[in-house]
Amino acid sequence: MAKIWVVVQQREGQLPRISWEAVAAAQKLAASLPGNNGSEKAEAIVLGSGIGLAAAELAKADLAAVHVADHDALRAYTPGGYIGVLAPAIRAAKPDYVVFPHTYQTVDYVPRLAQEAGAGLLPEVTGFAVDSEKTDGGLLWTRPILGGKLQSKVRVKGEGTVLVSVQSGAFSADSLVKGDAQVDPQPIAVDLAGVKPDREILGYEEVAGEKVDLTKADYIVAVGRGVGGADKMGPLEELAKALGAEIAASRPVIDNGWLPRDRQIGSSGQTVAPRVYIAAGISGAIQHLVGMKGSSVIVAINKDAGAPIFNVAHYGIVGDLHEVVPALTEAIRAAKG
Amino acid sequence: MRIAVCIKQVPNTEARLRVSRDGKWLEEEDLPFVTNENDSYALEEGLKLAEKTGGEVVVFSLGPERVKDALLKALAVGAARAVHLADSAFVGGDALATGRALAAAVQRESFDLVLTGSQSDDLRFGGTGSILAGHLGWPHVWLVMGVELEEGNRSAKVTREMESGVNEISRIPLPAVLEIQAGINHPRYASLKGIMAAKKKEITRVTPADLGLDAAQVGAAGSRLEVVSVSFPESGAGAQILEGDVKTAVAALVDKLRKEARVL
């Protein structure tokens, strides 16, 4: 019998979409493993302080159990606190897999949790399938490498628990299975007496200039490193004006100071899903894609035909943005009359 | 302060990539390699902190012979010495195996701080530095956007990037491992003098035995992950590419946006 756990991430007592995606992935994993014949369900864990509502929400999903580590010491996330709860639990129960959403928080603590709990580490998977070359029903996992230009298929070897994180958007939260009956959340005893405080939280700060709300825009023209400089932004702004679009950017443009930080799309910026997203000179690194791949129509303009942005785009033009963008502005103006 | 900086040499993803004959990695012949982007920021942060405190930077890297180029570049911008985990047994490791090897190498000396990049551009594990910290029993912070030394260098105020434009500010006791995010500083370029000086600096080569490790604990043998294949993602679900010269392609795009997608 395989034992599957999923550790969800809560934010002020709410479960973000990526946590439901992780639950859906754990349910799928529980159903796929040999010897499980669909009877063994996943168990979920949530950590924090005052998280009864999150636990109750979680308990509506089709799960074998919901475990809650609700403790004042877990009010602010710290790796010491989270590892202090999870490492002994993993060592004691020896689950086969523990699924996490792949977020900036989990990347901060899950690798070290693997090291301290003696578990394997399989970060940022986008999918899995039963390995057809093996007769033991083992799994073949897919994860992106080289900025998403290629993907790697990996097998897990050796004995013991494996910690798996699932990339945002890889497993659909819509495929989550609801339970017939709500399970009663079970408290986990939290004993952090032996845990060395590793990080004293002093506070949180909004990154300066977080003012423009790009999530409300219907049209977005996004600029990447390929634009080449702040002085070359003019034609992009013209295109945005012709479309009635907001201008946005991938991280390198912001780091170079070519646009202010409140224009950044991606995992460290805003997540958007406009009607039309035009990506000009953006190669499509995963950190960018997670912030925009839900857009209804994606247009990519890039001189590298192998750029990963073309895998998520609906329409593409392979060419120099400095030639394509002015021509596109003109054509859109003509079309709109 | 004595500062260790761990860097990785990675393929330049802008180059044309070909899958190797065994299907498990890239064809490395004619493949250009560069220092991993985040690691260049880690090195710069290390050099700045060493200058401020009158210390030195020792740079560590794991990988085959070609990695010597990355180490020479780090020596050219100001690292004092380098340690190369050069043995072929080290190659092909997952984050756990590589973190274990680097921790053993770092532990042979005494450091106040270990800096790494937050993630490699090729394998993207994002956890090697945290695992290294676990072996040393030191605190770690991942995705660091700011470091301020405090209390006579006994602690540091660290800014960690979170999602959605928020930063966490925390205080950690030193020694610690900090995993640096791109954009924290502006990495310097090597001067001609620096490049000449680098040639005279020491690069120590170490084997698993030198680190007190068994070859089975490092590299591919010491990993829980086994790469079966690498491939380009299946296309087909990808974009409709509009062909022709710029004018033709743009006209076709506008036509699609109006009539097919109905968004104009």
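How many Å separate the centres of domain 1 of chain A and domain 2 of chain A, taken over C-alpha atoms? The answer is 33 Å. This is a predicted model: local features need pLDDT of at least 70, side-chain atom pairs count only at pLDDT 80 or more, and totals for chains, interfaces and linings use all residues. Residues are numbered from 1 along each chain as its sequence is written, while chains are lettered from A and ligands numbered from 1 in the order in which they are written.

**Domains**

Domain bounds come from an automatic or database domain assignment. The table lists them for chain A and chain B.

| Chain | Domain 1 | Domain 2 | Separation of C-alpha centres |
|---|---|---|---|
| Chain A | residues 4-187 | residues 214-336 | 33 Å |
| Chain B | residues 2-222 | residues 233-264 | 43 Å |

In chain A, the contact between the domains takes six residues from domain 1 and eight residues from domain 2. Two residues are in contact if their C-beta atoms, placed from the backbone, lie within 7 Å. The domain 1 side of chain A divides into one nonpolar, four polar and one charged residue. Here Ala, Val, Leu, Ile, Met, Phe, Trp, Tyr, Cys and Pro count as nonpolar, Asp, Glu, Lys and Arg as charged, and the others, Gly among them, as polar.

**The sheet of chain A**

Seven strands of chain A form an open sheet with parallel pairing, in the order S5-S9-S4-S1-S2-S3-S10. Strands (E, at least two residues) and helices (H or I, at least four) are DSSP runs, numbered from the N terminus. Two strands pair if DSSP finds at least two bridges between them. S5 (120-125) and S10 (186-187) of chain A stand at the edges, each with a single partner strand, so one side of each has no neighbour in the sheet.

Strand S4(A) covers residues 97-101. Five of its five residues are buried, so S4(A) is largely enclosed by the rest of the structure. Buried means that 20 or more other C-beta atoms, placed from the backbone, lie within 10 Å of the residue's own; exposed means 12 or fewer, and partly exposed is in between. Tyr97(A), Val99(A) and Pro101(A) cover one side of S4(A), with Val98(A) and Phe100(A) on the other.

S4(A) runs parallel to S1(A), residues 4-8, through three bridges. Trp5(A) has Val98(A) as its bridge partner there. Five bridges join S4(A) to S9(A), residues 162-166, also in parallel. Tyr97(A) is bridged to Val162(A), and Phe100(A) stands opposite Ser165(A).

Helices lie on this sheet too. H1(A), residues 17-32, lies across S1, S2, S4 and S9 of chain A, at about 155° to S4(A). H4(A), residues 104-117, touches S4, S5 and S9 of chain A, and its direction makes about 165° with that of S9(A). Axes are lines fitted to C-alpha atoms, for helices over the stretch in contact, and angles run from 0 to 180 degrees between N-to-C directions.

**Chain B and the interface**

Chain B has six helices and 13 strands. Its C-alpha trace spans about 65 × 45 × 40 Å along its principal axes. Of its 264 residues, 50% are buried.

The contact between the chains takes 65 residues from chain B and 66 residues from chain A. On the chain B side, the largest share, nine residues, comes from H6(B). That side divides into 35 nonpolar, 17 polar and 13 charged residues. Strands also pair across the chains: S11(A), residues 200-206, and S9(B) are antiparallel over six bridges. Ile201(A) has Ser170(B) as its bridge partner in S9(B).
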